[in-house]
Amino acid sequence: MKIVADAKPLRVVVDLNRCQGYAQCCYAAPDAFTLRGHEILFYDPAPPAARRGAIERAVQACPVRAISLQAGADDGETP
Amino acid sequence: MPEPAGIVMVGASLAGLRGAEALRRSGYAGPLTLVGAEPHRPYDRPPLSKHVLVGDLDADATRLPELASLHARWRLGSPAIALDRTNRTLRLADGTALAYDKLLIATGAEARSWPAETGGRLSGVFTLRGRDDAAALRAAVQARPRRVLIVGGGLIGCETASCLRDLGLAVTLVDPNPTPLAASLGTFVGGVIADCLRDAGAAFRPGTMVRAFEGDGSGRVVRARLSDGGAIEADLVIAALGATRATGWLQGAGLMADPGGVTCDAACRVLDAEGAPCPDIYAAGDVARWPIPLYGNRLVSVEHWGNAVEQAGHAARNMLARPDDQRPYQHVPAFWSSQFGINIKLVGLTAGADALAVVQGSRASRRFLAVYGRNGRSIAALSFDQARWLPAYAQAITAGGAFPPILDATDQPRIETAAPGFPPRATAPAPSRSETVHA
């Protein structure tokens, strides 16, 4: 998959120190998380908003709670 | 009454962001300002030398999630250039003076660039540290250079070599040591990466030092001159020489700061030039250097993602706590990398290891877990595609467990130990009491 930042994407980051390659996120949100090789996780850090439900399921499904998702809209002033 | 100055985070990358979030989550409701040298909101660096370089991700897709409502003032695109502790004021490059009540120094590190006098300014010579670097390097890669030279076999050098071979480019990696990753993981493990490089079709040149880069009439790099008199032709160069801590702006501030970091006490408070902790200035992330009890209170700066997150959270906690409730930061360094299809993870510090044992899998299969020992204690554990075993060994390392860690397990052949093979430390121009972990 080739990933380009969307207009209003979600924001996702995985703590890869925690990630143990259980691949539960890959089942919950296969469009956003894939395993490459034996245990390299590749994920979409800026998925389209339409994937939010699947990604929230992936956040819940991770046995080591390694996935963080930006919950709300951006706040604060820009420069 | 004027509004209080509040808390200022100098540095708007991972540590600055996670520190700011921790302040808000702990109930801090006062003014909060994040100062960033780059124009971008905080973004994630690890994908830059992997997915961005190979083209799976756009550089601007790496923006980090903001995990709390920050209600922050963002001062991006203008680095801090001076600190006046007497007047509790920062000066920014755009001329702004910014008052603070408390400060978190989280300015991180900068790529060590190639000296201009030996070709560092030629076009086609790149470093890879920030988002803009990655976007520029990606564009140069898309122009299909004929021969790429990577100087330095650390994590960035190896990851970029792996990516560029995936793209089918001709790649040569040179390193002064016998194997890649020798300084961080030793040559026993580094030998596996040397094999990966060769299997991937990259040329690996161990024991090789570049003296200078030479350009053509238009100022484009065409070759590297080596110390041994040889040369390597290249039209794209990646100088992957590690990083120096971004402390230049602290010159004259009366703090213990140099290119190796800004020195903190165990509570993340920055020390002044006399060695006393400043009650209102903390540091976290790549730029911070602090004593780690697990490793004999050596002063270490840890240039890893997990440390930026944890240390910033800890510093934020102490920034809000009373002076008599400053808790020490307890951290076991850990990093990961992916290259040549292998997931590499390390827990602990390997420096000073005198033995190594492969305790799961085998080096030949490139799936293994190795433990590093020093004076009969386990000090670090490394996994190549064996990440699930790592937490068990991390616990043993934290507890100062014995080395070799497990003997005569039922499913294991007899564990044999080997020399980790660390090359002698390069003689540094200015010897320092501290060290940096940057792999």
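These legends walk you through several close-up views of a predicted model.

**View 1. Chain B and chain A meet at an interface.** Let's begin where the two chains touch. Chain B brings 40 residues to the contact, and chain A brings 35 residues. The size of an interface is often given as the accessible area lost when the parts come together. Here, chain B and chain A bury about 3,100 Å² between them, and carbon and sulfur atoms account for 49% of that area. Which residues of chain B lose the most area to chain A? They are Asp56(B), Arg63(B) and Arg388(B), which together make up 18% of what the chain B side buries.

**View 2. A salt bridge links Arg36(A) and Asp56(B).** Zoom in on Asp56(B), one of the residues that lose the most area to chain A. Its side chain meets that of Arg36(A) in a salt bridge, with 2.8 Å from N to O. How many salt bridges does the rule find across the interface of chain B and chain A? The rule finds one. Polar contacts are counted as well: 12 residue pairs, both residues at pLDDT 80 or more, are in polar contact between the two chains.

**View 3. Strands and a helix of chain B help build the side that touches chain A.** Look for strand E3 (73–76), helix H7 (305–320), strand E24 (334–339) and strand E25 (342–348) of chain B; each supplies at least two residues to this side. E24(B) gives the most, with four residues. What kinds of residues make up the side of chain B that touches chain A? They divide into 16 nonpolar, 11 polar and 13 charged.

**View 4. Three antiparallel strands of chain B form an open sheet.** Follow the strands in the order E13-E14-E15. Strand E13 (210–215) and strand E15 (231–233) of chain B each have a single partner strand, so one side of each is left without a neighbour in the sheet. From one strand to the next, the twist averages 20 degrees. Strand E14 (residues 221–226) of chain B is joined to E15(B) by three bridges. To find your place along this pair, start at Arg225(B), whose bridge partner in E15(B) is Ala231(B).

**View 5. Five parallel strands of chain B form another open sheet, with helices packed on it.** This time the order is E9-E16-E10-E11-E12. Why do strand E9 (125–126) and strand E12 (203–205) of chain B each have one side without a neighbour in the sheet? Each stands at an edge with a single partner strand, so there is no neighbour on one side. Three bridges pair strand E11 (residues 171–174) of chain B with E12(B), and Thr172(B) stands opposite Ala203(B) there. Now turn to the helices. H3(B) lies across E9 and strand E16 (236–239) of chain B, at about 150 degrees to E16(B). Helix H4 (residues 155–166) of chain B touches E10, E11 and E16 of chain B, and its direction makes about 170 degrees with that of E11(B).

**View 6. Two loops of chain B hold backbone details worth a look.** Most residues other than glycine have a negative phi, and most peptide bonds are trans. Arg144(B), in the loop between helix H3 (131–142) and strand E10 (148–151) of chain B, has a positive phi near 55 degrees. Where does Pro404(B) lie? Pro404(B) is in the loop between helix H8 (390–398) and strand E29 (417–418) of chain B. A cis peptide bond joins Phe403(B) to Pro404(B), with omega at about -5 degrees.

Conventions
Residues are numbered from 1 along each chain as its sequence is written. Chains are lettered from A and ligands numbered from 1 in the order in which they are written. This is a predicted model: local features need pLDDT of at least 70, side-chain atom pairs count only at pLDDT 80 or more; totals for chains, interfaces and linings use all residues. Side-chain values use heavy atoms; hydrogens and water are left out. Contact means heavy atoms within 4.5 Å. Buried area is the accessible area (1.4 Å probe) that two parts lose on being put together, summed over both. A salt bridge is a side-chain nitrogen of Lys or Arg within 4 Å of a carboxyl oxygen of Asp or Glu. A polar contact is a pair of N or O atoms within 3.5 Å; within protein, one must be able to donate a hydrogen and the other to accept it, and residues adjacent in sequence count only if both atoms are side-chain atoms. Ala, Val, Leu, Ile, Met, Phe, Trp, Tyr, Cys and Pro count as nonpolar, Asp, Glu, Lys and Arg as charged, and the others, Gly among them, as polar. Two strands pair if DSSP finds at least two bridges between them. Axes are lines fitted to C-alpha atoms, for helices over the stretch in contact, and angles run from 0 to 180 degrees between N-to-C directions.
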